[in-house]
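Please examine the protein model shown below. The questions that follow address its side-chain pairs, its strands and its nonpolar packing.

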Amino acid sequence: MPILPIGVRTQGTRRLTLVRHAGAYEMRNTINRRQLLVALATASMASPAWNALAEPPLGVNGVQLVGEPTQLITANDLPAARVVRLPPVDDRVKQVVVTALAIDPRGEWLAVAGDDHVIRLLRQETLQVVRTLGDGQRSGESPIGHSDMIRTLAFDATGSRLASAGNDGRLVIWDRNEQFTVLQEIGSAPALACVNFSPTGHQMVAVGFDKEVFLISNEPSQNDRLLCDCNDLRCCVYRHDGEALAIAGRDGHLHLFNPKTGKLIADQHVHERRVRDLAFMPNSDVLVSVDEDGVILRWDTRTNEVLSRQKITSGRLFSLAIVDSHRIAAAGSDDVIHLVDLADDGRSLYVSGQLRGHVGSVATLAAVDGMVFSGGFDATLRRWDLNRNAMADSKIALGNDGSTPASEPTPR
């Protein structure tokens with residue numbers, strides 16, 4: 001298990017030492033990575049009608065998984081979205097596809113990554129772009145940031161650090177206390193798909209398009225390298241107590257590791273296709289996952305029991321966000337954000353509503369305080385307010401309709 005020390009970045013030349021149980025070796029700035037092509041959706045797939053329930057229930061161990069909804073949201077109840085287009089950094093990019101989102105736990109910032117390889121910090125309340133991190137080119141004037149698609153963003157629990165990673169094999173940690181300057185930059189990794197902080201912030205995890213799980217910490221380790229059987233890892237997340245780390249990817253397995261020892265706790269083959277996103281329910285042992293078969297699943301990581309499994313779309317699911325203790329948002333290739341509720345029995349899942357408006361695959365979701373943020377291949381960022389007052393007044397427009405680019409350029 002590699003332990004990557006914090007604070008090893010130096011100006012001009014980057015140097016990184018990985019401490020192994022058998023010693024140490026040096027990784028320099030020669031990046032061995034795979035370039036991935038981004039297939040943009042050019043046509044929307046047929047979507048279920050408003051308020052249609054999901055497809056017939058799927059049983060797991062004979063358990064009935066779909067109950068009748070107690071409160072089905074109607075089309076008139078659903079809120080309008082506030083829609084914005086990210087202003088380009090320069091005239092080389094006309095429209096910016098949203099590739100990753102992260103919500104500041106302090107409630108101030110929304111971090112948004114685009115396919116122009118830069119990160120924008122927006123005010124959560126106004127969605128105004130205030131600051132840009134990187135220039136997308138790593139030019140001589142600004143040799144900081146990313147030079148390829150950013151796939152993942154994550155704040156630590158205090159909001160003091162923002163981590164970003166993607167196809168260029170770099171993991172960058174930005175320091176909020178120093179105007180989001182670079183605190184650390186780690187290079188020479190494979191293309192990375194997901195990064196997350198532990199609940200205490202003392203450790204990070206990163207996974208990418210091979211089988212190695214990178215654990216990043218200041219503390220030395222006596223453990224071997226942490227490897228999964230899966231060669232294409234897409235998502236990783238810590239449990240709220242920090243005692244378990246969930247990893248998933250192409251093989252459909254949910255792998256659960258002890259992040260302190262690197263030992264495998266559990267391995268469940270519960271998905272038939274690639275798992276694209278993971279999240280734990282709030283302060284819970286229950287892990288939620290979505291896959292490219294359009295299936296959403298709930299797994300109790302303490303009892304190793306599958307609680308719910310439901311196919312909610314004929315398309316592929318790329319992202320999920322936990323709205324609250326009883327509601328999950330999931331989205332993907334059918335351009336629709338599906339609101340999936342937990343029934344009163346604590347096990348059954350049902351689709352309570354759909355948020356429509358995107359005209360391309362929804363690549364990323366985030367949620368906080370009853371608001372869902374979404375971004376995707378139609379080059380729009382959308383905010384949906386699911387609070388009761390907002391839903392009751394859903395016909396009020398909350399912003400521009402995204403039909404025209406923003407008039408002001410992104411601030412440098």
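**Burial, salt bridges and sheet**

Q: Is Asp168 buried or exposed?
A: The relative accessible area of Asp168 is 0%, where buried means under 20%, exposed over 50% and partly exposed in between (1.4 Å probe, protein chains only). The model is predicted, so local features need pLDDT of at least 70 and side-chain atom pairs count only at pLDDT 80 or more, whereas totals for chains, interfaces and linings use all residues. Residues are numbered from 1 along each chain as its sequence is written, and side-chain values use heavy atoms, with hydrogens and water left out. On its accessible area, Asp168 is therefore buried.

Q: Which residue forms a salt bridge with Asp168?
A: A salt bridge places a side-chain nitrogen of Lys or Arg within 4 Å of a carboxyl oxygen of Asp or Glu, a rule that yields 21 salt bridges here. For Asp168 the N to O distance is 3.1 Å. The partner counts as buried because its relative accessibility is 8%. That partner is Arg170.

Q: How many residues apart are Arg176 and Asp104?
A: These two residues form a salt bridge with closest N and O atoms 2.9 Å apart. Arg176 lies in the loop between strand 10 (171–175) and strand 11 (181–186), and Asp104 in the loop between strand 4 (98–103) and strand 5 (109–114); strands are DSSP runs (E, at least two residues), numbered from the N terminus. Both residues are buried. The pair links distant parts of the chain, and the separation is 72 residues.

Q: Why does Lys260 count as exposed?
A: Lys260 forms a salt bridge with Glu243, the closest N and O atoms being 3.2 Å apart. Glu243 lies in the loop between strand 16 (233–238) and strand 17 (245–249), and Lys260 in the loop between strand 18 (253–257) and strand 19 (264–269), so the bridge ties together parts 17 residues apart in sequence. Glu243 is partly exposed because its relative accessibility is 33%. Lys260 is exposed because its relative accessible area is 56%.

Q: What is the average twist in the sheet 8-9-10-11?
A: Four strands form this open sheet with antiparallel pairing; two strands pair if DSSP finds at least two bridges between them. Strand 8 (150–155) and strand 11 are the edge strands, each pairing on one side only. From one strand to the next, the twist averages 20°.

Q: In strand 10, which residue is the bridge partner of Ser164?
A: Strand 9 (residues 161–166) runs antiparallel to strand 10, and five bridges join them. The bridge partner of Ser164 is Val172.

**Core and backbone**

Q: How many residues does the largest nonpolar core have?
A: A nonpolar core is a set of buried Ala, Val, Leu, Ile, Met, Phe, Trp, Tyr and Cys residues joined through side-chain atoms within 4.5 Å. Those with the most contacts inside the largest core are Val288, Ile296, Ile312, Leu320, Ile322 and Ile328. Strands that each supply at least two of its residues include strand 21 (286–291) and strand 24 (317–324). The number of residues in this core is 17.

Q: In which loop is Asn283 found?
A: Asn283 has a positive phi of about 50° although it is not a glycine. Most residues other than glycine have a negative phi. Asn283 counts as exposed because its relative accessibility is 70%. Asn283 is found in the loop between strand 20 (275–280) and strand 21.

Note on methods:
Axes fitted to C-alpha atoms, helices over the stretch in contact; angles between N-to-C directions.
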